[in-house]
Amino acid sequence: MKNILITGGAGYIGSHTAVQLVEAGFNPIIIDDLSNSDEKVLDRLEEILGKRLTFYKGDCSDRNLLDQIADKHDISGVIHFAAFKAVGESTVQPLKYYQNNLGSLLTILDFMRAKQIKDLVFSSSCTVYGQPEILPVTEETPRQDAESPYGNTKKICEDILMDFVKSQAGIRVISLRYFNPVGAHPSAKIGELPIGTPANLVPFVTQTAAGIREKLTVFGDDYDTMDGSCVRDFIHVMDLADAHVKALAYLGEQKDDFYDVFNVGTGNGNTVLEVIRTFEKVNRVKVNFKIGARRPGDIVKIWADTAKINSVLNWQPSYSLEDSLRDSWNWQKTL
Ligand SMILES: NC(=O)c1ccc[n+]([C@@H]2O[C@H](COP(=O)([O-])OP(=O)(O)OC[C@H]3O[C@@H](n4cnc5c(N)ncnc54)[C@H](O)[C@@H]3O)[C@@H](O)[C@H]2O)c1
């Protein structure tokens with residue numbers, strides 16, 4: 001059984017990916033400093049999987065700790081989720097973001113080279129496309145100046161990976177550009193755990209429906225879109241997790257010094273208002289919301305062209321928006 005080191009594996013996408021990896025016959029080993037997650041995730045993963053996953057509490061920029069892990073386990077690949085991800089906070093504390101998001105990647109790459117670990121899947125984001133002129137965006141769509149320090153860390157990380165692969169370091173890398181992950185494990189035992197005020201739409205919707213937040217603000221309803229609100233490509237976290245398993249399998253078939261990028265979305269755009277209405281319909285609950293002013297820096301519309309990941313990785317999403325919003329609500333009820 002191949003050991004895969006998952007940095008940030010106690011987090012939202014990492015924990016769901018751990019489940020899918022076990023189901024695909026891999027042995028995930030999690031390292032997480034719990035800066036944005038809770039150790040209880042490990043108990044919940046055990047309930048889902050019927051076995052305890054190996055977990056190291058610590059910073060993945062801690063090279064000594066990584067070396068200790070590699071001494072104990074023969075690691076064949078890494079999925080690097082660990083990062084700070086709050087766009088708003090990154091504009092106020094940019095150094096915190098550059099330090100963690102770039103620093104952790106540099107440490108992981110140096111560690112991989114030293115230990116001759118070949119395969120890496122990196123969490124990138126559709127934020128690298130900025131405000132796209134042509135939709136849907138393909139992997140060939142030019143990246144644009146980032147709208148935030150967070151977005152810039154993803155762009156720089158992609159550049160670091162490309163340069164590292166070009167240097168013939170002997171590694172094979174895939175950057176997955178996630179669109180908007182939503183939903184939760186269908187068991188409702190794990191899901192997104194926003195600490196403080198949620199920065200993403202769906203946790204805000206579920207918390208408002210649960211009465212934790214009084215009202216949700218929709219930022220603008222006068223954009224050039226179907227109903228005037230912003231458009232995103234909402235991808236169920238289980239489908240996203242599955243893309244990592246497919247990416248790892250594909251990396252295993254490549255020659256050394258390989259780098260590629262894939263969009264991971266559904267290929268469909270949905271507006272913010274559509275999400276709220278669909279959530280209300282599927283779950284039969286009301287969401288108290290109001291229309292507010294446009295928010296500076298918001299991307300008006302973006303959705304993925306998924307032809308590349310569909311054909312090359314043989315990956316297709318299997319959950320609908322309705323499924324995502326039902327699972328998000330069930331997870332909120334667990335919380
Ligand atoms: N959720 C999204 O909307 C989204 C969209 C695009 C890309 N991404 C990227 O996907 C990755 C995972 O996102 P997520 O939504 O699961 O976030 P998350 O915050 O739930 O998970 C990240 C995990 O990494 C841990 N962590 C952070 N820095 C660490 C460090 N230095 N060492 C060890 N652990 C550390 C946190 O404690 C957390 O458990 C991130 O890189 C994020 O930027 C997320």
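**Close-ups of a predicted model**

**View 1. Strand β4 and its two partners.** In this predicted model, 4 bridges tie β4 to strand β5 (residues 119-125), and the two run parallel. One spot to look for is V78, whose bridge partner in β5 is L120. Turn next to strand β1 (residues 3-7): it also runs parallel to β4, and 5 bridges join the pair. Here you can find N3 standing opposite I75 of β4. How many of the 6 residues of β4 (residues 75-80) are buried? The count is 5, so the strand is largely enclosed by the rest of the structure.

**View 2. Around the ligand.** Here we zoom in on the ligand, which has 29 residues surrounding it. If you want the closest ones, pick out G8, G11, S37, A83 and S123. Several elements chip in at least two residues each to this shell: α1 (12-23), β2 (27-32), α5 (94-115), β5 and β7 (180-182). Which element gives the most? That's α1, with 3 residues. As for the make-up of the shell, 14 of its residues are polar, 11 are nonpolar and 4 are charged.

**View 3. Helix α7 and what covers it.** Helix α7 spans residues 201-209, and 8 of those 9 residues are buried, so the helix is largely enclosed by the rest of the structure. To trace the buried ones, go through L201, V202, P203, F204, V205 and T206, then pick up T208 and A209. What covers these buried residues? The cover includes two strands, β7 and β8 (216-219), along with helices α9 and α11 (321-334). Just after α7 comes G211, with a positive phi of about 85 degrees.

**View 4. T278 on helix α9.** This view picks out a single residue, T278, which is found in helix α9 (residues 272-283). Is T278 buried or partly exposed? It has 19 C-beta neighbours inside 10 Å, and a residue needs 20 or more to be buried, so T278 counts as partly exposed. Leaving aside neighbours within four places in sequence, you'll see T278 in contact with L321, E322 and L325. Have a look at R326 too: T278 and R326 are 48 residues apart in sequence, while their C-alpha atoms are 9.5 Å apart in space. Helix α9, home to T278, also turns up in View 3, as part of what covers the buried residues of α7.

How values were computed: Residues are numbered from 1 along each chain as its sequence is written. This is a predicted model: local features need pLDDT of at least 70, side-chain atom pairs count only at pLDDT 80 or more; totals for chains, interfaces and linings use all residues. A residue is buried if 20 or more other C-beta atoms lie within 10 Å of its own, exposed if 12 or fewer, and partly exposed in between; C-beta atoms are placed from the backbone. Two strands pair if DSSP finds at least two bridges between them. A residue is near a molecule or strand if its C-beta atom, placed from the backbone, lies within 6 Å of it. Ala, Val, Leu, Ile, Met, Phe, Trp, Tyr, Cys and Pro count as nonpolar, Asp, Glu, Lys and Arg as charged, and the others, Gly among them, as polar. Two residues are in contact if their C-beta atoms, placed from the backbone, lie within 7 Å.
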